[in-house]
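Subject: Structure for you to look through

Dear colleague,

I am handing over the structure below, and I would be glad if you could keep it open while you read my notes. They go from one part to the next, so please find each residue as it is named.

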Amino acid sequence: SKFLQGDYGDRGLTERRHIIAETVELIGKEANRWEEQVYLGENPEAQIVYGTAPEDQAHFRERVKAACQPYAYAVLADRTSLAPTTIMRMLTGPTKGSPASWQRLWTAVRSLDALGQGLDEPSPDG
């Protein structure tokens, strides 16, 4: 949704959301199999996903690596439920890591940044 307070049944002024695209996901022109769904009915699982472009994946990994630098592996591990050694390998190079793991790291760093949590501070979860 491009607007806050812009859903069906909402009343009052709407506000524009500021959206920043991190990566581009390739879906193709037949993404939802529209023609098939006209005759066979709507199928929410018909989405064809080709994944993220390789150059976007590499760029995203580099952004995550840079964002993780202020935080200890143990703090990131606590936030992501990934092993500290896995995080170390992802951030130093030998292990690429799955797209889901990179996304978990990105989400963890964003939440830590929002909390202003530094390198030596314990996580609020425990």
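Please begin at Ile87, which, once its neighbours within four places in sequence are left aside, is in contact with Tyr73, Leu76, Ala77, Thr80, Leu82 and Leu105. Before going further, please bear in mind that this is a predicted model, and that what follows is computed from it. Ile87 itself belongs to helix 4, and because its relative accessibility is 0%, where anything under 20% is taken as buried, Ile87 counts as buried. One of its partners, Leu76, is 11 residues away in sequence, while the C-alpha atoms of Ile87 and Leu76 lie 7.7 Å apart in space.

With that residue in place, the outline of the whole protein may be easier to follow. There are 5 helices and 4 strands in the protein, and along the sequence they come in the order β-β-β-α-β-α-α-α-α. The protein has 126 residues, of which 22% count as buried. Among the contacts in the protein with a separation of 6 or more, 48% are between residues 24 or more positions apart.

Helix 4 can now be followed to its contact with helix 5. The axes of helix 4 (residues 84-92) and helix 5 come within 12 Å of each other and cross at roughly 95°, and because angles of 65 to 115 degrees count as roughly perpendicular, that is how these two helices are described. The contact is made by Ile87, Met90 and Leu91 on the side of helix 4, and by Ser101, Trp102 and Leu105 on the side of helix 5. Sorted by class, the residues of this contact are 5 nonpolar and 1 polar, with no charged residue.

Ser101, which lies in helix 5, deserves a separate look. Its relative accessible area is 11%, and therefore Ser101 is buried. When the neighbours within four places in sequence are set aside, Ser101 is in contact with Leu82 and Met90. Asp113 also has its place in helix 5, but its relative accessibility is 43%, so Asp113 counts as partly exposed. Although Asp113 and Ala67 are 46 residues apart in sequence, their C-alpha atoms are 9.0 Å apart in space.

How does helix 3 pack against helix 5, and at what angle? Helix 3 (residues 73-80) and helix 5 (residues 99-115) pack at an angle of about 110°, and their axes are 9 Å apart, so these two helices, too, are roughly perpendicular to each other. From helix 3 the contact takes Val75, Leu76, Arg79 and Thr80, and from helix 5 it takes Arg104, Leu105, Ala108, Val109, Ser111, Leu112 and Leu115. By class, the contact of helix 3 with helix 5 is made up of 7 nonpolar, 2 polar and 2 charged residues.

Within helix 3, the buried residues are Val75, Leu76, Ala77 and Thr80, and what covers them includes helix 2, helix 4 and helix 5. Just after helix 3 comes Ser81, which takes a positive phi of about 65°, and this is a positive value in a residue other than glycine. Ser81 is found in the loop between helix 3 and helix 4, and because its relative accessible area is 64%, Ser81 is exposed.

Which residues of helix 2 are buried? They are Asp56, Phe60, Val64, Ala67 and Cys68, and since they cover an arc of only 100° around the axis, they are on the same side of helix 2. The face turned away from that buried side carries the exposed residues Pro54 and Glu55. The length of helix 2 (residues 54-68) can be checked as well, because its 15 residues, at 1.5 Å a residue, should span 21 Å, and its end C-alpha atoms are indeed 21 Å apart, which agrees.

If you would like a place to start on your own, please return to Ile87 and find Leu105 among its contacts, and then look for both residues again in the contact of helix 4 with helix 5.

With best wishes

Notes:
Residues are numbered from 1 along each chain as its sequence is written. This is a predicted model: local features need pLDDT of at least 70, side-chain atom pairs count only at pLDDT 80 or more; totals for chains, interfaces and linings use all residues. Side-chain values use heavy atoms; hydrogens and water are left out. Axes are lines fitted to C-alpha atoms, for helices over the stretch in contact, and angles run from 0 to 180 degrees between N-to-C directions. Angles under 35 degrees count as roughly parallel, over 145 as roughly antiparallel, 65 to 115 as roughly perpendicular and the rest as oblique. Contact means heavy atoms within 4.5 Å. Ala, Val, Leu, Ile, Met, Phe, Trp, Tyr, Cys and Pro count as nonpolar, Asp, Glu, Lys and Arg as charged, and the others, Gly among them, as polar. The expected span of a helix is 1.5 Å times one less than its number of residues. Buried means under 20% relative accessible area, exposed over 50%, partly exposed in between (1.4 Å probe, protein chains only). The arc is that of the directions from the helix axis to the C-beta atoms.
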